[in-house]
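Colleague: I'm new to reading protein models and would love a close look at just one part of this one. Could you walk me through it slowly?

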Amino acid sequence: MSYVLFTDSSADLPWRYYKENDVQFVPMQVSMGENDVYIDNGSMDSKTFYQKMRDGVVFQTSQFTEFQFVEAFEPFLKEGLDIVYLGLTAGVSGSHEGAVRARDELLAKYPDRKIFTPQTSAVSLGLGLLVHETVRQRDAGLDYDALCKWIETNMFTIHHRFTVDDLMFLFRGGRVSRAKAVMGTVLGMKPLLHVDIDGKLLNHGKIRGRKASLLALVDEMKQYCDEKDLDAIAICHGDCEEEANFVLAEVKKHYNVKEAIINPLAAAIGTHVGPGCMALFFIGKKRTE
């Protein structure tokens, strides 16, 4: 191909996926405390990551920088390849701005090349599902311009539905107040969250009880997905794989699913939602809000 497909580690795809499908990714830098830093590229397994969170370790993520993107993109531009980068939504991170600045800097240096950096309005395996579907189109033979047009047409058909088990992680991330986090915990209330068309993670409801919150993800899927035969869905979890398999089984009661991607949330999102987060991603009606 005359182009290379990029994403970043916030896509939450299995680490082997990138190599197996010829997808480049930019890793996120994550800190534990003040001085301990690691690169989110699979060097820390998910169980260790979530156990540290349960033990009280506070992780912090750093947005992807312009320098990281320049360093990642430039070798391919030198080889005469164009770039398609599908990255973390600007609604939750300033990383997209870094990608845009890097694009402008590099295109001034390589005026014959192209770099496509859409605002995906996607996070976690919602972004991963977009990457996966884009890989399908690339492998079907779409050229650069046709692929970029396909992405622009289809990226808002990917829906995100989240719930969390421990509201205190949302409090630490500034998503809810301490009072709401404490009260919700006492009452056993679980928030229902989604990503809007601007790429912001929003709380749009709450439900009592863990099992009910998992079933609610599937109920919401039925509101936005009329197709009975699905090429792929994705489920991401905060170290609760058994419950992820429960969600998949519930989805399969209503849909014929050809492929299901199940993977733990990596640090980019997992840091802010904590152990027990569950997220369901699917392709449905085009999002308008």
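Which helix lies across E1 and E2, and at about what angle to E1 does that helix run?

Modeller: Happy to! Keep in mind that this is a predicted model. The helix you are after is H5, made of residues 124-139. Helix H5 lies across strands E1 and E2, and its direction is at about 170° to that of E1.

Now let's look at the strands beneath your question. Strand E1 covers residues 3-8 and runs parallel to E2, with four bridges joining the two. To find one of these places yourself, pick Thr7: its bridge partner in E2 is Phe25. In general, the strands of a sheet pair through backbone hydrogen bonds, and the pairing can be parallel or antiparallel.

E1 and E2 belong to an open sheet of four strands, and the pairing there is parallel. Reading across the sheet, the order is E2-E1-E6-E7. The edge strands are E2 (23-26) and E7 (115-116), each of which pairs on one side only.

You may also wonder about disulfides, each a covalent bond between the sulfur atoms of two cysteines. A search of the whole structure finds zero of them. Cys225, for instance, is in no disulfide, and the nearest cysteine sulfur, that of Cys236, is 19 Å away. Cys225 is also buried, with a relative accessible area of 3%. As for Cys236, its sulfur is 7.9 Å from the closest cysteine sulfur, which sits in Cys277, and that is too far for a bond. Cys236 counts as buried too, because its relative accessibility is 0%.

Methods: Residues are numbered from 1 along each chain as its sequence is written. This is a predicted model: local features need pLDDT of at least 70, side-chain atom pairs count only at pLDDT 80 or more; totals for chains, interfaces and linings use all residues. Side-chain values use heavy atoms; hydrogens and water are left out. Two strands pair if DSSP finds at least two bridges between them. Contact means heavy atoms within 4.5 Å. Axes are lines fitted to C-alpha atoms, for helices over the stretch in contact, and angles run from 0 to 180 degrees between N-to-C directions. A disulfide is a pair of cysteine sulfur atoms within 2.5 Å. Buried means under 20% relative accessible area, exposed over 50%, partly exposed in between (1.4 Å probe, protein chains only).
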